[in-house]
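Colleague: Could you take me closely through the pockets of this model, beginning with what lines them?

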Amino acid sequence: MTTAQTYGSYLDLDRVLGAQHPASPAHDEMLFIIVHQTSELWLKLCLHELDAARRAIAADALRPAFKMLARVARAQTQLIGSWDVLATMTPHDYAQVRPHLGTSSGFQSAQYRQMEYLLGGRNAAMVAMHEATPGIAAALREELTRPSLYDETVRLLARRGFAVPAAVLTRDPAQPWVEDEAVTDAFAAIYRQPEAHWDLYELAEKLVDLEYHFQRWRFGHLKTVERIIGFKRGTGGTSGVPYLEAVLQHRFFPELLDARTRL
């Protein structure tokens, strides 16, 4: 006889709600764990949608891609809002938890790194911190062999007749993106005549929206860390706030921003 499906069994709530294991008696450690666990779940959804959107763009199926990218932007607002909840921890609260974290750090989030890689922010050296988990390191290296979301967008511009240099189209996807004037020219042309390139114009805006929300998430991270620990070093070995400030300078879609200067 088949057991009836219930809300709890469908969502596997026994495992989900049993996955919080505070290492200290500190009251606020439960908050710290749940904020990070839920963030990883939202990242999982973002990766699910972005990977499908990348395939859709490669197939020139932009309408489904628009829905997926819009969903990611909404999920990103949940990630941004999580910092407001975590920021209710005071420096004293966090000081009760920090000694129990060891060297663990959000800096080590494989899904965050995967999302950076998928969008086009590629730094192969970052795989090294995941070598202790071979399956994760292999997945990240595999991602580096694939065109990013931005690579696929630029290839689409070329298929639509824009003059994108062959060197851009055949570049090694594992390498960091290098800004190209011809790509900026293409996006500027789209923005000057949106009625002639409406779907590409909408795609460009969806990408700008993604980067806007990603940078807001990074900024929220920076200000939350600054508020709680000041300028201490991060538990994962980074410099803390100075590292997060430097990361804010990294752009995924530079030509989309440069095109705005042209208009």
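Modeller: What follows is a description of the largest pocket, with the second largest pocket set beside it. The model is a predicted one, and the values given here were computed from it. The largest pocket has a volume of about 1100 Å³, and 43 residues line it, with His36, Ser105, Gly106, Phe107 and His221 lying nearest its centre. The elements that each give two or more residues to this lining are helix 3 (29-58), helix 4 (62-86), helix 5 (91-97), helix 6 (110-119), helix 11 (198-229) and helix 12 (241-247). Of the contributors to the lining of the largest pocket, helix 3 gives the most, with nine residues. In terms of chemical character, the lining of the largest pocket divides into 20 nonpolar residues, 18 polar residues and five charged ones.

Turning to the second largest pocket, the space within it comes to about 330 Å³, and its lining is made up of 18 residues, among which Gly121, Arg122, Asn123, His250 and Arg251 lie nearest the centre. Helix 6 and helix 12 each supply at least two residues of the lining of this second pocket, and both helices also appear among the elements that give two or more residues to the lining of the largest pocket. The largest share of the second lining comes from helix 6, which provides three residues. By character, the residues lining the second largest pocket divide into eight nonpolar, four polar and six charged.

Key
Residues numbered from 1 in each chain as written. Predicted model: local features only at pLDDT ≥ 70, side-chain atom pairs only at ≥ 80, totals over all residues. Heavy atoms only, no water. 1 Å grid on protein atoms, 1.4 Å probe; cavity = no way out; pocket = protein on both sides within 12 Å on 5 of 7 lines; lining within 4 Å. Points joined across faces, edges and corners; volume = space filled by probe spheres on them. Helix = DSSP H or I, 4+ residues; strand = E, 2+ residues; numbered from the N terminus. Nonpolar A, V, L, I, M, F, W, Y, C, P; charged D, E, K, R; others polar.
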